[in-house]
Amino acid sequence: MLFALRMLLLSAHFLFASVIGLLIGLIRPFEPDNSRLCARLYAWGGRIILGLEIRAEVEALKQRRTPCVYVANHQSNYDLFVLGTVVPYRTVSIGKDSLKFVPFFGQLYWLAGNVLIKRGHATQAKQAMLASTDALQNKDTSIWVFAEGTRNGGNNMLPFKKGAFQMAIAAGVPIIPVCVSSYPKHMSLNALKAGLIKIRALAEIPTHGLTMEDIPRLMQQCFEQMQATIRQLDQDIANARKAVHA
């Protein structure tokens, strides 16, 4: 019953936040900081409705004012309400082209300056990468990427795609990994308190002086750091549960 009520309220909130976000986009179209404001709109009400407790260790994100590529793990459709709380200043994301067909949300996503790409379309993907690299170099804008390319369902991270790392090296900007605990399988939406989620931003990984030949090593370094951190976050949450029930 509580799950059904939450889904109803979440749908209403999603529509409300999308309309407000679309208005923001129409007032100041393609302003990169629209993404942060809209993400806050979705996350503010979403996490309350879902009954989630989010603990974020993201001081590096709050203080950063120079461009970089943020790489985060991608777990479920709820990521919007979870990660929306920590999207940094002037940060846009890369999303699949089909998002533009989602009423209100797709239009505000575009107006917020985010990049839409068609999967499997090499020419468009290359153009999107060039546009993103230009934004990193010349428009004081950071890029948020789910390097796995698709949701992992809260299981182990999937292999990373190269795009985020190509952009970072081409633009000469650092990569900042953002790790989220594995929440989908432990989230209980029929309980008043649905669960605890931890988010941690890691130290930046520099790319200055690297070439495209360094991509495999850079991907592996980022993947291993994130994997180890996610395991630690999961263990911390498991220990907290045990302490409560002890």
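**Exercise 1. Phe30 in the loop**

Task: Locate Phe30 in this predicted model, then state what phi Phe30 has and whether Phe30 is buried, partly exposed or exposed.

Solution:
1. Phe30 sits in the loop between H1 and H2.
2. The phi of Phe30 is positive, about 65 degrees, although Phe30 is not a glycine.
3. Most residues other than glycine have a negative phi.
4. The relative accessible area of Phe30 is 43%. Buried would require under 20% and exposed over 50%, so Phe30 is partly exposed.

**Exercise 2. Arg90 and its surroundings**

Task: Find where Arg90 lies, whether Arg90 is buried or exposed, and which residues Arg90 is in contact with beyond its neighbours within four places in sequence.

Solution:
1. Arg90 belongs to the loop between H4 and E3.
2. Its relative accessible area is 16%. The limit for buried is under 20%, so Arg90 counts as buried.
3. Leaving aside neighbours within four places in sequence, the contacts of Arg90 are Glu31, Pro32, Asp33, Lys139, Asp140, Thr141 and Ser142.
4. Phi of Arg90 is positive, near 45 degrees, in a residue other than glycine.
5. Arg90 also lines the largest cavity, together with Arg64, Arg65, Thr66, Pro67, Tyr89, Asp140, Thr141 and Ser142. Asp140, Thr141 and Ser142 are thus contacts of Arg90 as well as lining residues.

**Exercise 3. Two cavities**

Task: State how many cavities of 30 Å³ or more there are, and describe the volume and lining of the largest and the second largest.

Solution:
1. The count is two cavities of 30 Å³ or more.
2. The largest holds about 50 Å³ of space. Its lining divides into two nonpolar, three polar and four charged residues.
3. The second largest cavity has a volume of about 40 Å³. Leu52, Tyr183, His186, Met187, Ala194, Gly195, Leu196, Ile197 and Arg241 line it.
4. By class, that second lining has six nonpolar, two polar and one charged residues.
5. Strand E7 (residues 195-201) gives the largest share of this lining, three residues.

**Exercise 4. The second largest pocket**

Task: Which elements supply the lining of the second largest pocket, and which gives the most?

Solution:
1. The pocket contains about 330 Å³ of space.
2. Its lining has 13 residues, and Glu53, Lys193, Gly195, Leu196 and Arg241 lie nearest its centre.
3. E1, E7 and helix H8 (215-245) each supply at least two lining residues. H8 gives the most, with four.
4. By class the lining comprises six nonpolar, three polar and four charged residues.
5. Gly195, Leu196 and Arg241 also line the second largest cavity.

**Exercise 5. Nonpolar cores**

Task: Identify the residues that touch the most other members of the largest nonpolar core, and the elements that supply at least two of its residues.

Solution:
1. The core has 36 residues, and those touching the most other members are Leu52, Leu61, Tyr78, Val82, Trp144, Val178 and Ile199.
2. At least two residues each come from helix H1 (2-27), helix H2 (34-50), strand E1 (52-57), strand E2 (69-72), helix H4 (79-83), helix H5 (105-111), strand E6 (175-180) and E7.
3. Another core lies apart from this one, with 28 residues, among them Ala147, Phe165, Met167 and Cys179.
4. Returning to Tyr78, its contacts outside its neighbours within four places in sequence are Phe3, Met7, Leu10, Leu50, Tyr183, Met187 and Leu189.

**Exercise 6. Helix H7 and its end**

Task: Which residues of helix H7 (residues 163-171) are buried, and what phi does Gly172 take just after H7?

Solution:
1. Ala164, Phe165, Met167, Ala168, Ile169 and Ala171 of H7 are buried.
2. Two of these, Phe165 and Met167, are members of the core of 28 residues.
3. Gly172, just after the helix, takes a positive phi of about 70 degrees.

**Exercise 7. Confidence**

Task: Decide which element has the lowest mean pLDDT and which the highest.

Solution:
1. The protein averages a pLDDT of 88, and 94% of the residues score at least 70.
2. Helix H6 (residues 122-138) has the lowest mean among the elements, 68, while E6 has the highest, 97.
3. Where pLDDT is low, the predicted coordinates should not be read in detail.

Methods. Residues are numbered from 1 along each chain as its sequence is written. This is a predicted model: local features need pLDDT of at least 70, side-chain atom pairs count only at pLDDT 80 or more; totals for chains, interfaces and linings use all residues. Side-chain values use heavy atoms; hydrogens and water are left out. On a 1 Å grid over the protein atoms alone, a cavity is a set of points where a 1.4 Å probe fits but cannot get out, and a pocket is an open set with protein on both sides within 12 Å along at least five of seven lines; lining residues have an atom within 4 Å of a point. Grid points are joined across faces, edges and corners, and a volume is the space filled by probe spheres set on the points. Ala, Val, Leu, Ile, Met, Phe, Trp, Tyr, Cys and Pro count as nonpolar, Asp, Glu, Lys and Arg as charged, and the others, Gly among them, as polar. A nonpolar core is a set of buried Ala, Val, Leu, Ile, Met, Phe, Trp, Tyr and Cys residues joined through side-chain atoms within 4.5 Å. Buried means under 20% relative accessible area, exposed over 50%, partly exposed in between (1.4 Å probe, protein chains only). Contact means heavy atoms within 4.5 Å. pLDDT is the predictor's confidence in each residue, from 0 to 100.
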